[in-house]
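Please open the model in your viewer and keep the selection panel at hand. The tour moves through one sheet, then the helices against it, and ends at a single residue.

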Amino acid sequence: MAAGTLRVVCYLNQFFGQLGGEEKAGVGPQVVDGAVGAARAVQQALGDAGTVVATVICGDNYAAEQAERATAELVSLVAAARPDLLVAGPAFLAGRYGVACGALCVAAQAELKIATVTGMHAENPGVELYRRQVYVVQTGAEATRMLPEVQRLVALGLKLARGEAIGAPAAHGYFARGVTRNIVAGANAADRAVAMLLDKLAGRAFTTEVPRPAFPPVAAPRLVKTLAGATIALVTDGGLVPRGNPDGIEALNATRYGAYSIEGKSSLDAAQYDNPHRGYDTTWVKQDPHRLVPVDVARELEQSGAIGKLHETIYSTVGVATTLAQSARMGREIAEKLRAAGVDAVILTST
Amino acid sequence: MRLELGWSDVDEVTAAPATRLAGKRLEVDLDGLRELLSADPRLTRIRLDLAHPGERCRIARVFDVVAPRAKTDGGEDFPGVLGSVARAGHGRTLALGGVAVVATDQQTDNVGTLAVIDMAGPNAALSAFGRTHNLVISAWPSPSTERSDYLAAVRLAALKTAVHLAGTAREAEPNRVDVFELPPSPRVPPELAHLPRVAYVFQIHSHQRPTGLDEGILYGDPVRRMLPTIVHPNEVLDGAVLRGFMGRSVTTWAIQNHPMIRALYAQHGRTLWFAGVVVTVAQATEPERVRSAFLTAGLVAHALGADGAVLTKIGGGAPHVDMAQAAAHCEALGVKTTAVVEDMSTDGSAEGMLLFDFPGVDALVNVGSSQEPIILPAMERVVGADDIASKLLGETRATYGGLCGAIEQVGATRVMAEVR
């Protein structure tokens, strides 16, 4: 192997690794020196730029049915070959294969710190599962044109392995990873906005520069009890914290939330609370915390029997510039705690 | 209403014994200017520096940037803040091309409002202020001056300087004259009546942070209780609107050279009819937000009779939603909209780019992610931040939002976030 060329490992399923068809789908991970089966196309596409030092093969069923074990075993086989680049697949429309390729690429990136690339058809379930973490090159549904498909994988893989800048998805034929990157456009934003409006007004096609968020709709569950029999909790993302902010909830981009007892309190004493939230003018909430978390009125409703009980813990975080992932996690954790505590309904106050 | 901007191009700025414009060379008597600015009792010490394009110089602690402008024929400069309250947007205004006044903030808190300008290297090309000759003002507060008063004093110093510099062009023959003339909105000549009528909805402040008493934004008004109102676009171009003290990715310079108003003027009478400008503020509470959103849409649809509207925002996340809510109300009244947004994601994920999803608000332009990291290369000189200069000389990490002029939320910049 010439100095300076890359060491490449290929990952294939039993079919493309030429072990056999569905009858061999249960075979466990194994490694062969050099390029076999579809990996020969990878070697051909690499030319002098790299050498396929090993081909790692695993049956589709083995990979699907004991996914974690298979991935761990595959990663150690890959590691032993000390590659600079892992080329997994392409898996085309083969679902089990695609998922295995994605899982192996993620693990190899994380554990071996090497570049990885895979390829799949748009409808392969591996695309949606892994495109955010792995460069998945778009391929056809079937392996009818193996070499040109593999050439595109290898071209992107070489750039990744060499640490070169990667262009837009359309330029390299990979599925958008759902990450954003600043670039310099040809015209300023004002000119682009006016041009887009003129297209919209004329009924011409236009392309928005920001995809609409695909938040899954969350249906509000029906309260099965009457309010008079229900336990109600107060939860806010408006940043109310006890003075001193004991949980260190961040002023923006929060990753923490607090659980604060209101046991024995008929109202909140402004002197005992603070608010680190940097997304709105907190003057009025600091002056009177009930403007954000209405413990006073909720206690009155509890006294009068309008609600069964006020939950004795309030939950609070700072909702500004918080990532979707953190928001979802904190929401899930708070919801689990509330459910475990027998809370029937929640009043969420936001700002 | 007719406004003429008479531009004198400047390609050299030097310190000199007298302030004057000699051809394309602007000579500035820095001592004389310092004396003029020192009259403000809210400031104790004033330092003036010049920074030129191509120089390995970093301007730090940038608070705002002002374009040199001066009214002629008795017009008021920056009315309500520097000059007396009077209508702006008509007559002749002197403008210097290639020069900017950069105000710095010497108090260390509130890092979010501070930014840098690189005069050389890759970041210089990303900002309009990497290509202008910059007069940098560093001023320190006198002992009893509170934060808001200090910022008001710093901004006033920048405005005085802007007028002082542009005044040198009083006797000069301008290199070019931009004419901005828009008849009263309903008076469309019959031969142009087929053009779509387009309004601009300009959010000029966000009440995420309350304004100071001296934080004049619209003709000197701190817009604390402002409801949406219609102004002539020339008023915006001619100093009626100044940026407030929360400077996230907007400069006064960009408002004085407003790119959206210029873009609409450029198309006016050709592909569209510029119907007018509605100025709004982003509100702090839900009833205020809803009220402002439908009043805005009402002015756009009913008063200006617009078929379409472009909208921009200021500040962060709440104003982003506030703007979209106004756009949704416009769409509900049959007015087509496009809006200019920042990429609001804080983790670089496409899912986090937008904080709203309203029907019809589907045509969005973005000015990039202010959170994306950027490398500031080593420089030879730092101005505007003597006490932290050593930290800012070497290669430093920053974000696009920390590079003044790389992202202008009113749409002056070309940086955009692409989904990958």
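Two strands count as paired if DSSP finds at least two bridges between them, while the elements themselves are DSSP runs numbered from the N terminus, helices being H or I over at least four residues and strands E over at least two. This is a predicted model, in which local features need pLDDT of at least 70, side-chain atom pairs count only at pLDDT 80 or more, and totals for chains, interfaces and linings use all residues. Residues are numbered from 1 along each chain as its sequence is written, chains are lettered from A and ligands numbered from 1 in the order in which they are written, and side-chain values use heavy atoms, with hydrogens and water left out.

Select strand 1 (residues 2-9) of chain B together with strand 12 of chain B, which pair in the antiparallel sense over six bridges; Glu4(B) stands opposite Val179(B) of strand 12.

Now add helix 5 (residues 259-267) of chain B, which packs on the sheet and touches strand 1 and strand 12 of chain B (contact means heavy atoms within 4.5 Å).

Widen the selection to the open sheet of four strands, whose order in chain B is 7-8-1-12, with mixed pairing. Strand 7 (69-71) and strand 12 (176-181) of chain B stand at the edges with a single partner strand each, so one side of each is left without a neighbour in the sheet.

Finally, centre on Asp29(B), in the loop between strand 4 (25-28) and helix 1 (30-37) of chain B. Beyond its neighbours within four places in sequence, Asp29(B) is in contact with Ala16(B), Pro17(B), Ala18(B) and Thr19(B). The C-alpha atoms of Asp29(B) and Thr14(B), 15 residues apart along the chain, are separated by 8.8 Å.

Notes: Axes are lines fitted to C-alpha atoms, for helices over the stretch in contact, and angles run from 0 to 180 degrees between N-to-C directions.
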